Amino acid sequence: MNALNTLLLGARATLFWAGSIPITLLAGLLAPLAWLLPPKYRYPATTLWNCFNRWWLEITCGVKYQVLGRKNIPTDGAFIIMANHQSTWETFAIPCIFPQQLSWVLKRELLNIPFFGWGLRLIRPIAIDRGAGRAAVKQISHQGKALLQEGVCIVIFPEGTRVAPDVKADYKIGGAILASHSGFPVLPVAHNAGKSWQRHAWIKQPGMITVSIGPAFSTKGLKADAINQQAQNWIETEKARLPPIKK
């Protein structure tokens, strides 16, 4: 029975990619045309790809989600989203959850991926060289502050890479320095997507992912270390409280 179930889950995952890959190719080919759209339409057009993949994953693999704390999303002004990173799933879902325009801190190599990288450029990402050290931190602070002042929210995974659900990793300082230098609030987000879609895993476990959005906190007058610690304390505590993935 377990072997049959694994075979079924593998087939459902294959069906997901059979739909996702052609849509990604199409979105990449259409990306240059999106630059012709006014800026206020360009971002929503880009996130159609995210929302399709999130929806298609639910249809094919039974991966659903619920959001706790939507009321905590600020409705006035930009902010910095700090979220834990466990899976590819949250990169699909976050733009579908937040109504604001988002930019992401990400590794520069992603922009070089054919089709996918072409569309990625439309969201005006902060694309860093992760081996650049202080130069990367300065880039996050400089570009991030300019985007925030334009009203664009920044998404950053302070762990720096995907981390298994039951593993704790040190939080990188780049996002906290951006918050400290800019004075914009931080919105902590915790989720358990890695229990459904593990890193590098082909099979996606069906069930209900939980995304929890915490209260935004002011960063004015706070040093970067204090901001990082406050965000990490909330995220790690909330992760431990999230319900298990249930079918």
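Which residue does a disulfide join to C51? The partner is C96, with an S to S distance of 2.5 Å. The structure is a predicted model, and this report considers its cysteines, its aromatic rings, a surface patch and one residue of helix α7.

**Cysteines**

A search of the whole structure finds one disulfide, the link of C51 and C96. The angle about the S-S bond is -130°, and the link is left-handed. C51 belongs to helix α2 (residues 39-61), whereas C96 belongs to helix α3 (residues 89-97), so the bond ties together parts that are 45 residues apart in sequence. Both partners are partly exposed: C51 has a relative accessibility of 29%, and C96 has a relative accessible area of 23%.

C153 takes part in no disulfide, and the nearest cysteine sulfur, that of C96, is 15 Å away. C153 counts as buried because its relative accessibility is 0%, with the cut-off for buried at under 20%. For C61, the closest cysteine sulfur is also in C96, at 16 Å, which is too far for a bond. C61 counts as buried as well, at 1% relative accessibility.

The accessibility of these four cysteines is set out below.

| Cysteine | Relative accessibility | Class |
|---|---|---|
| C51 | 29% | partly exposed |
| C96 | 23% | partly exposed |
| C61 | 1% | buried |
| C153 | 0% | buried |

**Aromatic rings**

The structure holds 14 aromatic pairs. One of them is formed by F16 and W17, whose ring centres are 4.9 Å apart and whose planes meet at 65°, an edge-to-face arrangement. Within this pair, F16 is buried, with a relative accessible area of 0%, while W17 is partly exposed, with 23%.

A further pair consists of F92 and W197; their ring centres are 6.0 Å apart and their planes stand at 50°, so this pair is tilted. F92 lies in helix α3 and W197 in the loop between β6 (186-191) and β7 (207-213), so the two rings tie together parts that are 105 residues apart in sequence. Both residues are buried: the relative accessibility is 4% for F92 and 5% for W197.

Which residues make up the aromatic cluster that includes F16 and W17? The members of this one cluster are F16, W17, W49, F92, F116, W197 and W202. Helix α3 thus appears twice in this account, because it holds F92 of the tilted pair and C96 of the disulfide.

**A nonpolar surface patch**

L26, L30, L33 and L36 make a nonpolar surface patch of about 430 Å². One of these leucines, L36, is found in the loop between α1 (2-34) and α2. Is L36 buried or exposed? At 71% relative accessibility, L36 counts as exposed, since the cut-off for that class is over 50%.

**N228 in helix α7**

N228 is a residue of helix α7 (residues 224-241). Its relative accessibility is 7%, and it therefore counts as buried. Which residues is N228 in contact with, leaving aside its neighbours within four places in sequence? They are M82, Y171, K172, I173 and A176.

Definitions and conventions
Residues numbered from 1 in each chain as written. Predicted model: local features only at pLDDT ≥ 70, side-chain atom pairs only at ≥ 80, totals over all residues. Heavy atoms only, no water. Helix = DSSP H or I, 4+ residues; strand = E, 2+ residues; numbered from the N terminus. Buried < 20%, exposed > 50% of the residue type's maximum accessible area, 1.4 Å probe, protein only. Contact = heavy atoms within 4.5 Å. Disulfide = S-S within 2.5 Å. Patch = residues over 30% accessible without salt bridge, like charges linked within 9 Å, V, L, I, M, F, W, Y side chains within 5 Å. Areas by Shrake-Rupley, 256 points an atom, 1.4 Å probe, with all protein chains shown as cover. Salt bridge = Lys/Arg side-chain N within 4 Å of Asp/Glu carboxyl O. Phe/Tyr/Trp six-rings, centres within 6.5 Å; stacked < 30°, edge-to-face > 60°.
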